[in-house]
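Visitor: I would like a close look at a single part of this structure. Please take one helix and show me its surroundings.

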Amino acid sequence: MPENENNTIKQQYHQHPRQDSALVRFLKPIWGRFKKTKLFQAYRHSRLNPFHTTLQKIKADTVEDAREIAINKNLRYFEYNGVRVSTDEPYSLATEAGKRKRIFRNGRNALDVLPRNAQGVPDLMAEEPIVIAILPIEGPSLIGHAALQYKDMVVNRMRYKMDTKPLLPRYGNKANYYLIYPSQIGIDPKQLVRAIEKVNILKNGDYDFIKNNCAGAVDYALKLAGVKDLDQYGPDKLGMYWPAPGNNPFHIGIQEWCRKHGVQVFASELEQAYKHNYIANHQERADTYTQIHQRLMQNKAYKKSWKKVAKKVRQKIMRMPPKMLNNRDY
């Protein structure tokens, strides 16, 4: 089923090159060839595709009339003449907030989420938001990506490092951006800043697809800040789970949490309204995180070595004959 998001952003940004893993470099050409097959095209446009299975068919004279019907049903997407269509209204939140009573995005009225400025008008930046970027499947990587920014603090678990560059210049219009307001989710901004610093130190080092991935860093930062309702794969309550960006049709992961609590914004809106798209000291901060992480690992290794020595001494003592243990000269 073809897709029509009807909100194409024409503005382009410089894209920083990213280093794919050996597995991704191996899979990309195979996936590219498979997508061109008739079998894949038939599956993608059929109801077997989980993205399309639950879509409601709406009949109307025009797609605008069909969208209005879908909005009244609080749908995110609907099927119109065999095409998957978004109910997002292509209006700018920043310029239309004071004029309209409704701007529909992600299955809800976005104006209900936005904070108000001193004049009582909905304003994207009336409260400092958390910005979360979700790269879709088949974007720069095959599995997507998740990253977080709050003011000049960034959590972005890349393959070889924790990146601290601002999100918008890095990802441009290739990412979906969500604004989450701390007051609406009941977390303390100071606690959030401490959580971000802690994550950038502890999650530094080698990337691990299961234990230390991009979504895991964002998930960890939000939970340290006090978020309780993040849903991931696995028995989350037991601490055995696999964090995912959430760019999937199963309503699991960070993106679904963003849709529940925040509002999606266009890249152009973030460029105009957000004042932290440039961070002067990001590299200095990244180096500091790395240095602290290395010191922690060295201390951990040092303590581990002493524990190992102590364990061997205890084992040796326990293997000694009783007479030697009772000898006062020992």
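Guide: Here is helix H9, followed by the sheet beside it. The model is predicted: local features need pLDDT of at least 70, side-chain atom pairs count only at pLDDT 80 or more, and totals for chains, interfaces and linings use all residues. Residues are numbered from 1 along each chain as its sequence is written, and side-chain values use heavy atoms, with hydrogens and water left out.

H9 covers residues 214-225. Helices (H or I, at least four residues) and strands (E, at least two) are DSSP runs, numbered from the N terminus. From first C-alpha to last, H9 reaches 17 Å, close to the 16 Å expected at 1.5 Å a residue; that expected span is 1.5 Å times one less than the number of residues.

Start at the front end. A side-chain oxygen of Asn213 comes to within 3.5 Å of the backbone nitrogen of Ala215. After the helix comes Gly226, with a positive phi near 120 degrees.

Nine of the 12 residues of H9 are buried, so the helix is largely enclosed by the rest of the structure. Buried means under 20% relative accessible area (1.4 Å probe, protein chains only). Among the buried residues are Cys214, Val218 and Leu222. The buried residues pack against partners including strand E6 (130-135), strand E7 (145-150) and helix H8 (189-202); contact means heavy atoms within 4.5 Å.

Now the sheet. Six strands form an open, antiparallel sheet in the order E9-E8-E7-E6-E10-E11. E9 and strand E11 (263-265) stand at the edges, each with a single partner strand, so one side of each has no neighbour in the sheet. Strands pair if DSSP finds at least two bridges between them. E6 and E7 are joined by six bridges.

Key. Buried means under 20% relative accessible area, exposed over 50%, partly exposed in between (1.4 Å probe, protein chains only). A polar contact is a pair of N or O atoms within 3.5 Å; within protein, one must be able to donate a hydrogen and the other to accept it, and residues adjacent in sequence count only if both atoms are side-chain atoms.
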